[in-house]
Amino acid sequence: HADAALYYAKDKGRNNYQFYSVSLSAKNPELLTLEKSLRYALERNEFTLYYQPRVNIATEEITGMEALLRWQHPEMGLVAPSVFIPLVEESGLIVPIGEWVLRTACIQNKIWQDAGFPPITMAVNLSLKQFCQPKLVETIATVLEQTGLEPQFLELEIMETTAIENLDFTRTVLEDLQQMGVYISIDDFGTGHSSLSRLQLLPLHNLKIDKSFIQYLTQDAKVAHIIKAIVTLGHSLGLKLIAEGVEKEEELEFLKSINCEDVQGFLFYRPLSVQKATEILESKRPTL
Ligand code: C2E
Ligand code: MG
Ligand code: MG
Ligand code: MG
């Protein structure tokens with residue numbers, strides 16, 4: 001996230017947003033090569049989505065899937081988003097790629113619904129640059145219309161750091177999205193050093209606790225107190241809590257004891273190919 005080396009500033013007088021990026025690729029020839037191949041990756045169909053199920057702790061039912069972008073590079077194999085998202089963000093390629101992600105994820109959710117699986121939400125990540133695109137709301141409306149997915153089955157994840165860049169701007173965009181009927185989550189909560197009291201002005205549905213907290217949960221008693229405080233405060237603001245990066249049974253037990261609603265993590269499922277994700281849904285299909 002921070003390594004995106006993206007600096008964002010607001011021209012206060014004119015309410016004008018501008019991006020200042022420190023070029024990542026200029027310094028590193030390997031990254032420059034990577035950035036060049038990324039320019040063609042979309043037209044060469046090298047992107048694919050993986051889907052990670054989100055599970056309700058109480059019922060152990062799948063309540064949603066998060067679409068996670070992967071790059072199938074002809075020589076390098078499957079490239080993780082942490083490697084290429086900063087590059088596509090920097091170059092502006094994130095906008096067309098992000099639209100492809102949104103459309104593909106909506107189509108997939110519609111396919112699953114049409115196949116008769118119980119409806120779930122599809123969560124799609126939005127980067128800072130995508131979120132600040134003037135046409136974002138219009139694009140989302142168009143994609144929903146074209147794919148036929150009802151808005152309540154789409155959830156948009158924006159990182160805490162994106163949300164707090166400019167709260168007035170964030171609120172305007174989120175209010176439009178809320179009116180449209182899509183769900184909004186704050187992703188990686190706890191990494192942005194903001195307080196929930198600042199976020200309470202925003203129309204939000206879900207709060208995703210960053211995986212770094214869960215990682216230290218069983219090692220550091222203070223972390224458990226912090227997570228408990230986040231859950232309590234989140235609930236008092238009417239939000240649903242989702243814990244990311246749950247890998248251990250112990251973590252799940254603790255999250256259950258503090259009434260965290262959902263978890264996403266390797267303990268239940270890793271991000272899955274569309275075939276694997278479909279198989280999982282198939283295996284859970286209620287028998288009539
Ligand atoms: P994120 O949105 O917070 O997604 C969750 C990340 O945590 C995923 O990494 C997932 O594989 C990983 N994860 C889930 N459960 C566990 C666990 O139990 N243990 C561990 N160690 N990790 C777990 P991934 O797929 O590598 O994605 C990394 C980040 O890249 C995402 O973090 C998101 O910020 C970004 N990203 C992924 N896809 C997209 C996309 O389509 N658009 C944008 N703008 N960003 C994306
Ligand atoms: Mg996410
Ligand atoms: Mg996250
Ligand atoms: Mg993350």
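These are my notebook entries on a metal site, a helix and the cysteines of a predicted model.

**Magnesium site**

I began with the magnesium ion (ligand 3) and asked which protein atoms serve as its donors. I found Asp 187 (OD), Asp 188 (OD) and Glu 244, with Glu 244 (OE) listed twice. These donors lie 1.9 to 2.3 Å from the ion. Along the chain I read their spacing as D-D-x55-E.

I then looked for the magnesium ion (ligand 2). The distance between ligand 2 and ligand 3 is 4.2 Å. Which residue coordinates both ions? Asp 187 does.

Next I checked whether the two aspartates are buried or exposed. Asp 187 has 5% relative accessibility, so I count Asp 187 as buried. Asp 188 comes out at 6% relative accessible area and is buried as well. The cut-off I applied is under 20%.

**Helix 2**

I moved on to helix 2, which covers residues 81-91. Which of its residues are buried? I noted Phe 84, Pro 86, Leu 87, Val 88, Glu 89 and Glu 90. Two glutamates, Glu 89 and Glu 90, are thus on the buried list.

I also looked at what comes after the helix. Gly 92 follows helix 2. Its phi is positive, near 85 degrees.

**Cysteines**

I asked how many disulfides the structure holds. The count is zero.

I looked up two cysteines for accessibility. Cys 132 is buried because its relative accessibility is 11%, under the 20% limit. Cys 260 has 4% relative accessibility, so I entered Cys 260 as buried too.

Technical notes:
Residues are numbered from 1 along each chain as its sequence is written. Chains are lettered from A and ligands numbered from 1 in the order in which they are written. This is a predicted model: local features need pLDDT of at least 70, side-chain atom pairs count only at pLDDT 80 or more; totals for chains, interfaces and linings use all residues. Side-chain values use heavy atoms; hydrogens and water are left out. Buried means under 20% relative accessible area, exposed over 50%, partly exposed in between (1.4 Å probe, protein chains only). Helices (H or I, at least four residues) and strands (E, at least two) are DSSP runs, numbered from the N terminus. A disulfide is a pair of cysteine sulfur atoms within 2.5 Å. Donors are N, O and S atoms within 2.8 Å of the metal (3.2 Å for Na, K and Ca); water is not among the atoms, so sites may look incomplete.
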